Amino acid sequence: MPATSRRSSAAVGGSLLVALLVCARPAGAFTVTITAANPRTLYLQVGVGSFTGIYNSGGTPGSNATVNTVSVTVPAAQVGSGTAQTMTTNSTASNSFYDNYAFCNAPAQLYIGGFYRSTTNTGAATLTATSPASLVNGGGDTIPFTQIRWTSSGNGDTGAQPFPAGTFVGGVQTIGTISRNQWAESCHTFSYINSNFVAAGTYTGRVTYTLSSP
Amino acid sequence: MSTPVTRTLLVALLAAVGIAPVSAATFRVDDGASMPLESTTPLRWRQFAPSRSNDNVLEGAMTIAVRLNLAPWMNRNGRIFLVLPEQGTAPVRVSWLTQGRLLPGEISPGMRVLVYAGPVAGPILEETIALKIEADGTRLPGMQRLRFHFEIDTD
């Protein structure tokens, strides 16, 4: 029966075809796994800082242990007069490592800037300042840290400063924030409010700035 | 006894068996023996600090030992493509260099890029490709897998 025989052949052929197609399927594609390394980067500069090159030409931030000083000498006749005394710094940092632009006017101003890099969408980095309750002289006399305030500006800036004007609180306070993947900078000009009549001496206190990411 | 229906079926099946291997078509290539030389590629910021031009690119590199089973298309002309299907991933751009057996190129999810055109001279094609991977650092959600495969178009 040729016809039956052909039907059988055709059926076998179809089954073979299916089987061959299954076997011919590829064993699988190759997979490349990627992940973000060092997804968070923080850089904070208060006063002088270190940077290899300029960031917008591929520069890399470094570490600088310098603690700058902001100071003023109040004339004896002015002590406690209520006339604010402008302070100066020993910082030499005028140019921004952002683009080498002369953003601040050292030594009158203190440069404060930094950046926050993150691959996660979890808000901004926060800059805080921690000041002691008082400045103290060698005799144990004190001046409240709340007697020191600052204004904020930047050469060429017209908008609001990321780290605006304020007054130390003698504790922890927020100075400003840096949005994700942004560089922020301001120049602070400090002054001593000079509303207290205090004993003669050199009064000192240290403020620590901290940049924290979420 | 052969009916017209039977004959038609027979012809159709024979045609399927006999013609498919020699007609122009696209096939997925068995690249199951290909493997990355590193398990994971860490991507790092291209610019350490944020840039004025808003460059938020992460980049990294990986080497792949490619081994393609081309035996089914021996002695035929074909065009081989690298395929990176859309996978709902963060924006990624992958470029690669080769040792000369395959073409260098660049690919993004959803693309199919020519890497070889010509006769298939041997059953196995081996190549080492150096991938450079770039991703948007603001949209890369931790670990992500890019699944590549190869296809061949035959004449």
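## A tour of paired strands

Select Thr128 of chain A, which stands opposite Thr210(A) in strand β16(A). This is a predicted model, in which local features need pLDDT of at least 70 and side-chain atom pairs count only at pLDDT 80 or more, while totals for chains, interfaces and linings use all residues. Residues are numbered from 1 along each chain as its sequence is written, and chains are lettered from A and ligands numbered from 1 in the order in which they are written.

Now widen the selection to strand β9 (residues 125–130) of chain A, which five bridges join to β16(A) in an antiparallel arrangement. Strands here are DSSP runs (E, at least two residues), numbered from the N terminus, and two of them pair if DSSP finds at least two bridges between them. Adding β14 gives an open sheet of three antiparallel strands in chain A, in the order β14-β9-β16. Its edge strands, each pairing on one side only, are β14 (172–178) and β16 (208–212). Neighbouring strands of this sheet are turned by 25 degrees against each other on average, direction ignored, with axes being lines fitted to C-alpha atoms and angles running from 0 to 180 degrees between N-to-C directions.

Next, select strand β10 (residues 144–154) of chain B, which runs antiparallel to strand β1 (residues 30–36) of chain A and is joined to that strand by five bridges. Which residue of β10(B) is the bridge partner of Thr31(A)? The partner is Arg147(B).

Staying in chain B, select strand β5 (residues 77–84), which six bridges join to β10(B), again antiparallel, and find Arg79(B) opposite Asp153(B). Finally, strand β1 (residues 25–28) of chain B pairs with β10(B) over four bridges in the antiparallel sense, and Ala25(B) stands opposite Thr154(B).
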